[in-house]
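Biologist: I would like a close look at one part of this model, the sheet and what packs on it. Please keep to the computed geometry.

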Amino acid sequence: PGESLLDNGFYATSLEEERPVANFYADQLIAALDVSDEVLRAVDPGRDEAERARLRDEAAQRVQARLLEQHAGRANRVEVVPLYNGGRYSAYVFRRYTNVRLVAATELQLGFFGGDPDNFTYPRYALDFAFLRIYDDAGQPLRAGHYFTWSERGVEEGEAVFVIGNPGPTNRLNTMAQLEFQRDVLVPALEHAFDMRLAALWEFYRENPSEGDRLDIRNKAFRLSNSLKAYTGRLAALRDPDIMARKRGAERGLRDSIAARPALRRRYGDVIDRIAALQRERAPLAASYGAFVLFGNATYGSATLRRAMAALDLLQASARGAPADSVAALRQRLLAIEDHPASLEQRLLRVRLDDFGRYFGADKLIVRTALPGGISPPAAAERVLQGSALATAQRTAAALEAGSLTREDPAIRLAAAIQPHFARYNAELQRIGTAEADLASRLGRVRFDIYGTAVPPDGSSSPRITDGVVRGYPYNGTLAPPYTTFFGMYDRHYAFGQETDWALPARWLPPPRELDLGTPLNFVSTADTYGGNSGSPAVTARLELVGLNFDRNVEGLSRDFIYLPQRGRNIMVDVRAIREALADVYDLDRIALEVLTHRLYATEAEADAAGR
């Protein structure tokens, strides 16, 4: 209470001050095994996609049980992960630690220095890092047998770096028909949804900054703006004729390779065409994609509408005489939905009603119910919130207690218009998605048969290492340097001024006398990173830690579909800047010394004595 960790950061000057982080964990990789033959042998007898999915899950469970027994005492978690969309399978064995404590975190203004304008851009001047410490089962700081040493000299232009992390899936292995559907329907719908909800969050925050801070609105908005900018870049890539020509050529080459081998042609010759047929089946769902983006999302969706859908389920269950425990569970689900502040709720409901009108048109029952008589979305939202017992958690609880909740409630009337359409939409999505996943797995297998490991598997949020070279690049008619310095950070602060995305926290003003402003702050490389690589360490061939990945440039957003090293760069915080900040700005000598000497210092006094 009373703290503002986003504005002021957090710095523990002793082990005792290191703060436990709830619901946080760290996984240590113990083993990685290829289990493809075992899983695929189990899957192949399946007669259809549903049976193959069941057999796949059962095989994965057997692998998990065997490996947990094999690594008993060392590991407590196993993940079986599909690679090549299910063409191969790997098992990752982990030891999970749940006692993780925060040691240090920079101010948000430094971690997101430059705000949304600088996001996905370079040159960059963000000091985006945090330290956490893992404690063992006895509550003592974990003493790991294996770790990366911190580089004292850093990295120079032309040197190789290796980024180690858990990138998520991309669309690189998708067919042209899938990419075209994303280009024409899915990505534009997501871009619009993120844009409208981001505007609603910032409108609310500007009017209610203290309430917004309590609700962490800034971080929620930053996450959304990050997604918005990413999807804007993805849409640009999908509309890039050069990229799409490359993708079309790669697919043509794959088709030719399948056709040239009779055994592969018999087994896989129709897979790409069948995936294309599924996209044609998706086409009638285009309006629903847009209308229902983020539907039911607790952060970016209307709480009133979520309650209305839950209340309708409750009323229907009660009317058909469902068992008492089922009715009680539905009632509890309804009561558990938390309020948004009234002005934020009005904005989020307004945006959803606007989505219905935008994508469905005036003649749909949903729109006639949502916008009766053609009234505007803001007026319709206000009418629902004034007339519905579900507008707040308190009114909902009172209506349930009084037994006065009925289908005549305006929010429930809207839910009743939505429910059958939404149910049909979800059923179709599930049917098409199941068939598509099965075909993607078959396509992954033939791709591996033809290319082997010459083509890497797509990201799957599983451990990966990607290599690159530290290198600047041409941009905007000039050259981007391989690394930036603290000089540039202060230049932007003084150029843009206070109350901007480039304003520095008070702790950094004026520049501390000891701070070496020429210290490298951020640097770039050609390493193939993408979503999920934030926080990934970058090491040299000597296994020395030199950077912490936190972003990529806007040209690198095309990596969702294709890796073009001449365009994209990943962006990293330089460890030299982290050490300099720890020692000369935050006075955290115990951490600065620990990362260099590998010795634990319980207090700043102990570190000071060692330093002397």
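How many bridges join β3 to strand β5, and in which direction do the two run?

Modeller: This is a predicted model, and the description below should be read with that in mind. β3 and strand β5 (residues 88-97) are joined by eight bridges and run antiparallel. One facing pair is Asp27, which stands opposite Arg96 in β5. The two strands belong to an open sheet of three strands, ordered β3-β5-β4, with antiparallel pairing. β3 (26-34) and β4 (77-83) are the edge strands; each has a single partner strand, so one side of each lacks a neighbour in the sheet. On average, and with direction ignored, neighbouring strands of this sheet are turned by 30° against each other.

Two helices pack on this sheet. Helix α2 (residues 36-43) touches β3 and β5, and the direction of α2 makes about 120° with that of β5. Helix α3 (residues 49-70) touches β3, β4 and β5. The direction of α3 makes about 140° with that of β4.

For helix-on-helix packing elsewhere in the chain, take α13 (residues 303-319) and α19: their axes come within 8 Å and cross at roughly 80°. α13 is therefore roughly perpendicular to α19. By class, 13 nonpolar, three polar and one charged residues make up the contact of α13 with α19. Among the residues that meet there are Leu305, Met309 and Leu312 in α13, and Ile412, Ile418 and Phe422 in α19.

Notes
Residues are numbered from 1 along each chain as its sequence is written. This is a predicted model: local features need pLDDT of at least 70, side-chain atom pairs count only at pLDDT 80 or more; totals for chains, interfaces and linings use all residues. Side-chain values use heavy atoms; hydrogens and water are left out. Axes are lines fitted to C-alpha atoms, for helices over the stretch in contact, and angles run from 0 to 180 degrees between N-to-C directions. Helices (H or I, at least four residues) and strands (E, at least two) are DSSP runs, numbered from the N terminus. Angles under 35 degrees count as roughly parallel, over 145 as roughly antiparallel, 65 to 115 as roughly perpendicular and the rest as oblique. Contact means heavy atoms within 4.5 Å. Ala, Val, Leu, Ile, Met, Phe, Trp, Tyr, Cys and Pro count as nonpolar, Asp, Glu, Lys and Arg as charged, and the others, Gly among them, as polar. Two strands pair if DSSP finds at least two bridges between them.
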